[in-house]
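Q: I have a model open in front of me and I want to learn how to read it. Can we go feature by feature?
A: Gladly. Let us look at the structure together.

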Amino acid sequence: MSRIRSKDTAIEVMLRKALWREGVRYRKNDRRFPGSPDIIIQKFQIAVFCDGEFWHGKNWDAKKPRLRSNRDYWIAKIERNMRRDHETDRRLKILGWTVIRFWGSEIRKNLTACVDEVKDAIFQVQLDSYDDAEGLEKPLVTFY
């Protein structure tokens, strides 16, 4: 457990580098926001989390029966993580943020689709902000 990292994991670094290459600028692990998101795009109020499958309970109903050692501990821990993730999402959405969560396997297998999803969210936020302002031309999305 002491070797488990909470930030700068391989999947997080992989996604951050790809976003940076695309011109998306961000902050990482900003503790001012609920859940300390892995990636914060503050200008567009987008929070991105890179979740490990085991720790955050991917396919939990199928995996839970297969746990063998220290079963009570792991079930309680992972279910607590899942509840905390839902609460973090709820709190960020109340504050007006868009929350995006990726599984580690998604990032490893299809990094381009993950980057595109973040860029689409940025584009959507831009469109929404210009829809609210009457008489303004809709911008082309530009990344830094």
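Q: Where does the largest share of the negative patch come from?
A: Keep in mind that this is a predicted model. Now to the patch. Helix α6, residues 111-132, gives the largest share, 3 residues.

Q: Which residues form that negative surface patch?
A: Look for Glu-106, Asp-116, Glu-117 and Asp-120. One of them, Asp-116, sits in helix α6.

Q: How exposed is Asp-116?
A: A patch residue needs over 30% relative accessible area and no salt bridge. Asp-116 has 36%, so the residue counts as partly exposed.

Q: What about the overall layout? How many helices and strands does the chain have?
A: There are 6 helices and 4 strands. Read their order from the N terminus: α-β-β-β-α-α-α-β-α-α.

Q: How much of the chain is buried?
A: Buried means under 20% relative accessible area. Of the 144 residues in the chain, 37% are buried.

Q: How many disulfides does the structure hold?
A: The test is a distance. Two cysteine sulfur atoms must lie within 2.5 Å. This structure holds 0 disulfides.

Q: Why does Cys-50 not form a bond with Cys-114?
A: Check the sulfur atoms. The closest cysteine sulfur to that of Cys-50 belongs to Cys-114, and the gap is 8.2 Å, so they are too far apart for a bond. Now take the other side. Cys-114 is in no disulfide either, and its nearest cysteine sulfur is that of Cys-50.

Q: Are these two cysteines buried or exposed?
A: Apply the burial cut-off again. Cys-50 is buried, with a relative accessible area of 9%. Cys-114 is buried too, with 3%.

Q: Let us turn to the backbone. Which value does phi of Asn-29 take?
A: Look at the sign, then at the residue type. Phi of Asn-29 is near 50°, which is positive, and the residue is not a glycine.

Q: Where is Asn-29 found?
A: Place a residue by the elements on either side. Asn-29 lies in the loop between β1 (27-28) and β2 (39-41).

Q: Is Asn-29 buried or exposed?
A: Asn-29 is buried, with a relative accessible area of 14%.

Q: What is phi of Asn-59, and where is that residue?
A: Read the sign again. Asn-59 has a positive phi of about 55°, although it is not a glycine. Then find its place. Asn-59 is in the loop between α2 (53-56) and α3 (60-63).

How values were computed: Residues are numbered from 1 along each chain as its sequence is written. This is a predicted model: local features need pLDDT of at least 70, side-chain atom pairs count only at pLDDT 80 or more; totals for chains, interfaces and linings use all residues. Side-chain values use heavy atoms; hydrogens and water are left out. Patches are made of residues with over 30% relative accessible area and no salt bridge: like charges are joined within 9 Å, nonpolar side chains (Val, Leu, Ile, Met, Phe, Trp, Tyr) within 5 Å. Accessible areas come from the Shrake-Rupley method with a 1.4 Å probe; for residues, only the protein chains shown count as cover. A salt bridge is a side-chain nitrogen of Lys or Arg within 4 Å of a carboxyl oxygen of Asp or Glu. Lys and Arg count as positive and Asp and Glu as negative; His and the chain ends are not counted. The place of a charge is taken as NZ of Lys, CZ of Arg, CG of Asp or CD of Glu. Helices (H or I, at least four residues) and strands (E, at least two) are DSSP runs, numbered from the N terminus. Buried means under 20% relative accessible area, exposed over 50%, partly exposed in between (1.4 Å probe, protein chains only).
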